[in-house]
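Open the structure in your viewer and get your selection tool ready. We will hop from one selection to the next, with a short note on what you will find at each stop.

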Amino acid sequence: MTEQQQKTPSGAGTDLPDVSGLTLGILGGTGDQGKGLARRFGLAGHTVVIGSRKADRAQEAADDLGIASVRGAENAAAAREADVVIVAVPWDGHRATLESVRDELAGKIVVDCVNPLGFEKGKGMYALPVEEGSAAQQAAAVLPDSTVVAAFHHVSAKLLLDPAVDGMDLDVLVLGDVREATDTVQALAGRIPGMRGVYGGKLHNAHQVEAFTANLISINRRYKAHAGLRVTDV
Ligand SMILES: NC(=O)c1ccc[n+]([C@@H]2O[C@H](COP(=O)([O-])OP(=O)(O)OC[C@H]3O[C@@H](n4cnc5c(N)ncnc54)[C@H](OP(=O)(O)O)[C@@H]3O)[C@@H](O)[C@H]2O)c1
């Protein structure tokens, strides 16, 4: 075996914390992305609370998944009842949603997967300018008492929801300013078969990770694919 083949992948390293007992909340969990993540984390054995602006919609989404450890609630309850909270609302509703549950999110890790993207005929998808720099930095500004981590931007919701897809086969870039929090989210990514969390820098670098989703969407359109990323040599 060569030296390169012997390297332990850092994202899957044994130094990451045991996160198997964590309860996850998902704001906007009734959409494809949130529901897809709820499905995969539920299958991995986590208790997941799907959040929605309407409790009945959240419960409907949970019932639809049919996983015993996944239930629905209003966004505020999902935030309150979870250890780690994923934000999976559209960019349009990002700031207002976070402001509405600021107190419930205090002291928690908040994982932002929101991609601020626009579309124009002839241009395709493109990254929208964000005053704070990125959606994740906006979250950090709105939630001074939470620890914001950016992750799961490049994960295909379609694949997450597809029962024929056993493993996800991609690396998830995990960005944040607090090592303990990025380690936790890397470990969470690693709970989904085939997925690996790889540290991708501080929150200040989240913009290009969010923006790169526009490139992935172009790749998907051209090649009729659900493309993801793999980071080599780690
Ligand atoms: N789809 C993907 O493949 C994918 C991949 C990576 C990242 N993402 C990111 O994940 C986020 C969610 O994507 P999605 O495709 O699941 O979106 P979506 O279906 O359009 O929205 C998700 C949920 O957010 C809630 N919502 C809608 N408008 C809202 C508003 N103005 N304020 C608050 N809540 C609102 C809705 O739930 P209720 O009506 O039940 O409240 C909706 O079911 C996006 O920011 C996207 O950039 C998506």
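Start by selecting threonine 30 together with the ligand: in this predicted model, an N or O atom in the side chain of threonine 30 sits 2.7 Å from an oxygen atom of the ligand. Next, pick serine 52, where a polar side-chain atom is 2.5 Å from a ligand oxygen atom. Then add asparagine 115; here the partner is a polar backbone atom, at 3.1 Å from an oxygen atom of the ligand. With those contacts on screen, try a surface view: on its own the ligand has 890 Å² of accessible area, and the protein covers 72% of it.

Now widen the selection to the whole shell. How many residues surround the ligand? There are 20, and the closest are Thr30, Ser52, Arg53, Arg57 and Val89. Colour the shell by class and you should see 8 nonpolar, 9 polar and 3 charged residues.

For the second part of the tour, leave the ligand and select residues 170-176, which form strand S9, along with residues 195-201, which form strand S10. These two strands pair in the parallel sense, over 6 bridges. To see one place where they face each other, show leucine 173 and look across to valine 198 in S10, which stands opposite.

Add residues 179-189, helix H9, to the view: S9, H9 and S10 together make a right-handed β-α-β unit.

One last stop: is S10 mostly covered or mostly open? Mostly covered, with 5 of its 7 residues buried.

Technical notes. Residues are numbered from 1 along each chain as its sequence is written. This is a predicted model: local features need pLDDT of at least 70, side-chain atom pairs count only at pLDDT 80 or more; totals for chains, interfaces and linings use all residues. Side-chain values use heavy atoms; hydrogens and water are left out. Buried means under 20% relative accessible area, exposed over 50%, partly exposed in between (1.4 Å probe, protein chains only). Helices (H or I, at least four residues) and strands (E, at least two) are DSSP runs, numbered from the N terminus. Two strands pair if DSSP finds at least two bridges between them. A crossover is right-handed if, with the strands pointing away from the viewer, the path from the first strand over the helix to the second runs clockwise. A residue is near a molecule or strand if one of its heavy atoms lies within 4 Å of it. A polar contact is a pair of N or O atoms within 3.5 Å; within protein, one must be able to donate a hydrogen and the other to accept it, and residues adjacent in sequence count only if both atoms are side-chain atoms. Accessible areas come from the Shrake-Rupley method with a 1.4 Å probe; for residues, only the protein chains shown count as cover. Ala, Val, Leu, Ile, Met, Phe, Trp, Tyr, Cys and Pro count as nonpolar, Asp, Glu, Lys and Arg as charged, and the others, Gly among them, as polar.
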